[in-house]
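Biologist: Before I use this model, I would like to go through it with you. Please keep to what can be computed from the atoms.

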Amino acid sequence: MVVIEQEPEDRKQNVENPPKASSDSTVNENGDASDGFETASERDVSDGESDDDEQKQEEHPIAPAKPEDRLNDDESKQKALAEANEAKLEGNKLFGEGKYEEALSQYEVALRVASVPEVADVVSAPEKTEMASAPERTEVASAPEKKEVSMAPEVTELRSICHSNRGICFLKLGKYEESIKECTKALQLNPSYMKALVRRAEAHEKLEHFEEAIADLKKILELDPSNSQARRTIVRLEPLAAAKREKMKEEMIGKLKEMGNSILGRFGMSVDNFKAVQDPNTGSYSISFQR
């Protein structure tokens, strides 16, 4: 009698349903399965590369200016300053030859070459690019600040001299208002510039601005108490200033009289009916009416 042995239930199920390859494994070129390490699909790889690029852009912003660039910038500034000095020297030469118009042009060239911006952004261009690539930081970032850019001492001195020299050129040409403007610009850069004060005082005197001329001369005495020329000029100008004040007062009184007569004439009177008498002790005036 033959006994047929039944296969174990587990083995039977394995034969009927062979195990499927795990989705976590792949087959290599030789047909061997991998050792269970997960490999990314092409889609996953491309997405990962894109994320890495964005992360690199955030972690590595555009580099700031290199030291060589700053060096080149300094060299260009020194070159511009040298050109401005050459133009100023040429202006001095032309002034000595009596060519005042040509000298004015050379001083203007020097001022243009030696010009500098008044304000600049604190945030540099690379920093602005970095802020733009990081939205989460731009929400709290404040606007770029403004600060004053101070001129280099040699630039300030050069510009002050050129403005003052333009002032003396205009003075020689009889353009006193222009001379005053140029000397004022020079003094804004250098308030203790003696030559600019002297030239502006002279221009004020030519225009009979005696009070203004005296003010400049007094400033000169503050800077140099031993300046006898300024002291003598003040003594000479003070009577002229007083006479001008008296003249201006008389002109004002004359205009007031004309206005008063135009009104009082309707009533048969004039300002001559009113007499102003000055008190010698106090200097005040009292008004009396006379028919």
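The questions below go from the whole chain to single residues.

Biologist: What is the mean pLDDT of the chain?

Modeller: This is a predicted model, so confidence comes before geometry. Of the residues in the chain, 58% reach a pLDDT of 70 or more. The mean pLDDT of the chain is 73.

Biologist: Over residues 117-149, how many contacts beyond four places in sequence does the model have?

Modeller: Two stretches can be set side by side here. Residues 1-5 have pLDDT below 50, and beyond near neighbours in sequence they have zero contacts in the model. Over residues 117-149 the pLDDT also stays under 50. For residues 117-149 the number of contacts beyond four places in sequence is 29.

Biologist: How many helices and how many strands are in the chain, and what percentage of its residues count as buried?

Modeller: The chain contains 11 helices and four strands. Its exposed surface is about 21900 Å², with carbon and sulfur atoms supplying 52%. Of the 291 residues, the share that counts as buried is 21%.

Biologist: Which helix gives the most residues to the largest nonpolar core?

Modeller: That core has 16 residues, and Leu 217 and Leu 237 touch the most other members. At least two residues each come from helix H8 (176-189), H9, H10 and helix H11 (228-264). With six residues, the helix that gives the most is H10.

Biologist: Leaving aside neighbours within four places in sequence, which residues is Leu 217 in contact with?

Modeller: Leu 217 is one of the two members of the largest nonpolar core that touch the most others. The other of the two, Leu 237, is also among the contacts of Leu 217. With neighbours within four places set aside, the full list for Leu 217 is Ala 201, Ala 230, Thr 233, Ile 234 and Leu 237.

Biologist: Is Ile 214 buried or exposed?

Modeller: Ile 214 lies in helix H10. Beyond four places in sequence, Ile 214 is in contact with Ile 234, Leu 237, Glu 238 and Ala 241. Its C-alpha is separated by 9.8 Å from that of Arg 236, 22 residues apart along the chain. The relative accessible area of Ile 214 is 7%, and the limit is 20%, so Ile 214 is buried.

Biologist: How many of the 20 residues of H7 are buried, and why is that helix called largely enclosed?

Modeller: Helix H7 covers residues 153-172 and reaches 29 Å from its first C-alpha to its last, close to the 28 Å expected at 1.5 Å a residue. Gly 174, with a positive phi near 80°, follows H7. H7 is largely enclosed by the rest of the structure because the number of its 20 residues that are buried is 15.

Biologist: With which side chain does the side chain of His 163 make a polar contact?

Modeller: His 163 lies in helix H7 and counts as buried at 8% relative accessibility. Beyond four places in sequence, His 163 touches Leu 111, Glu 182, Cys 183, Lys 185, Ala 186 and Leu 189. Among these, the polar contact of the His 163 side chain, at 2.8 Å, is with the side chain of Glu 182.

Biologist: What covers the buried residues of H8?

Modeller: H8 has 14 residues and reaches 20 Å from its first C-alpha to its last, close to the 20 Å expected. Its buried residues are Ser 179, Ile 180, Glu 182, Cys 183, Ala 186 and Leu 187. The cover of these buried residues includes H7 and H9.

Biologist: Which backbone nitrogen lies 3.3 Å from a polar atom of the side chain of Asn 227?

Modeller: Asn 227 is found in the loop between H10 and H11. Asn 227 has a relative accessible area of 17% and is buried. Not counting residues up to four places away, Asn 227 touches Met 194, Ile 220 and Leu 221. The backbone nitrogen at 3.3 Å from its side chain belongs to Gln 229.

Biologist: What is the relative accessible area of Glu 208?

Modeller: Glu 208 is in the loop between helix H9 (194-206) and helix H10 (210-223). Its phi is near 60°, a positive value in a residue other than glycine. Glu 208 is partly exposed, and its relative accessible area is 45%.

Note on methods: Residues are numbered from 1 along each chain as its sequence is written. Side-chain values use heavy atoms; hydrogens and water are left out. Buried means under 20% relative accessible area, exposed over 50%, partly exposed in between (1.4 Å probe, protein chains only). A nonpolar core is a set of buried Ala, Val, Leu, Ile, Met, Phe, Trp, Tyr and Cys residues joined through side-chain atoms within 4.5 Å. Contact means heavy atoms within 4.5 Å. pLDDT is the predictor's confidence in each residue, from 0 to 100. The expected span of a helix is 1.5 Å times one less than its number of residues. Accessible areas come from the Shrake-Rupley method with a 1.4 Å probe; for residues, only the protein chains shown count as cover. A polar contact is a pair of N or O atoms within 3.5 Å; within protein, one must be able to donate a hydrogen and the other to accept it, and residues adjacent in sequence count only if both atoms are side-chain atoms.
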